[in-house]
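Got the viewer open? Let's take a walk through this one, from the overall view down to single residues.

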Amino acid sequence: MCELFGFSSKNERCINDYLKEFFSHSKRHPHGWGLACFDGKEAFVEKEPVAAIKSNYLKERLTQPVYVKAAFAHIRYATIGNVAYKNCHPFTGKDSGGRRWTLVHNGTIFDYSPLDEFVRVQVGDTDSERVFLYLMKLIREKEEKLHRPLTAQERFELLDEMVVHMSRGNKLNLLIYDGEWMYVHTNYANSLYSLEQSDSVFFSTVPLTRDDWKPVPFTTLLAYQDGKLLKKGTNHGQEYIDCDENEKFLYQIFSDL
């Protein structure tokens, strides 16, 4: 299982200490790392298909202060998809209206047929990239229907509907950023926590400090802006629970990497 990190704040903060602790977990997640720093509506993405603790580039990168208002980080434990740059998170791209979206995913999509069409067109071979491409398709189709870019409320409603349908039988921990709002979703117990500090909020698969991290509300899409919770979506109640069949599926895929 991969690990996710997210940060949203009203004001810029230095997040190096959190990133260093987060990336130190790559001893158990050695198949790649990624970092996205957001500046307004743009995303600056850096990633490598090596363990973060073995990356000379990342070590040098974190000697300099990372001041941001929003950021994602990811360390990968490959389940679906080979160990390669093209399979490292985050995934980022622009919709038809020019808005940049960025996604990191922790989990596995075991069965969701709308993703099948992207197998032959994706750059890599992960289910996470297919989730991202599917999101881009949904946005494009909605904007073409309306003949205009989506409003913030429409973007939230589209994402809420997507996670409600996709969560059934699938492990779907997501952090998504659209240049304005940060979307957060988990349906797997004890796998995503948050820490609120005045005008900031941190998200991590496991707590990174001794502070009072709390489990992220379960099976519900959340939207944040500038460190504050704006909206809660549908509580779909579709908790992912490990089962023997899915574990066998993962074992077979991982043995083929």
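How many helices and strands are there in the chain? Colour by secondary structure and you should find five helices and 13 strands. Keep in mind that you're looking at a predicted model.

**The whole chain**

Stay zoomed out for a moment. Along its principal axes, the C-alpha atoms fill a box of roughly 45 × 45 × 30 Å. The radius of gyration is 17 Å, which agrees with the value near 18 Å that a compact globule of 257 residues would have. Buried residues account for 54% of the 257.

Now switch on a surface. About 12,000 Å² is exposed, and carbon and sulfur atoms supply 48% of that. If you colour by charge, you have 32 positive and 36 negative charges to look at, and their mean positions sit 2 Å apart.

Contacts are worth a glance too: of those between residues at least 6 apart in sequence, 67% join residues at least 24 apart.

**Next: strand β6**

Select residues 100–108, which is strand β6. Is this strand largely enclosed or open? Nine of its nine residues are buried, so the rest of the structure largely encloses it. In a regular strand, side chains alternate between the two faces of the sheet.

Which strands does β6 pair with? Add residues 91–94 to the selection: that's β5, which runs antiparallel to β6 and is joined to it by four bridges. To see one pairing up close, pick Thr92 and its bridge partner in β6, Thr102. Then follow the hairpin round: five residues lie between the two strands, and Gly98 has a positive phi near 90 degrees there.

For the other pairing, select residues 171–177, strand β7. Seven bridges join β7 to β6, again in an antiparallel arrangement. Here, go for Leu103, whose bridge partner in β7 is Ile176.

**Last stop: Val83**

Back up along the chain to the loop between β4 (67–75) and β5, where you'll find Val83. Its relative accessibility is 41%, so Val83 counts as partly exposed.

What does Val83 touch, leaving aside its neighbours within four places in sequence? Show side chains for His31, Pro49, Arg76 and Ala78, since these are the residues in contact with Val83. Finally, draw a distance from the C-alpha of Val83 to that of Val50: you should read 8.2 Å, for two residues 33 apart along the chain.

How values were computed
Residues numbered from 1 in each chain as written. Predicted model: local features only at pLDDT ≥ 70, side-chain atom pairs only at ≥ 80, totals over all residues. Heavy atoms only, no water. Rg over C-alpha atoms; globule rule 2.2 N^0.38 Å. Buried < 20%, exposed > 50% of the residue type's maximum accessible area, 1.4 Å probe, protein only. Contact = heavy atoms within 4.5 Å. Areas by Shrake-Rupley, 256 points an atom, 1.4 Å probe, with all protein chains shown as cover. Lys, Arg positive; Asp, Glu negative; His and termini not counted. Charge placed at Lys NZ, Arg CZ, Asp CG, Glu CD. Pairing = 2+ DSSP bridges.
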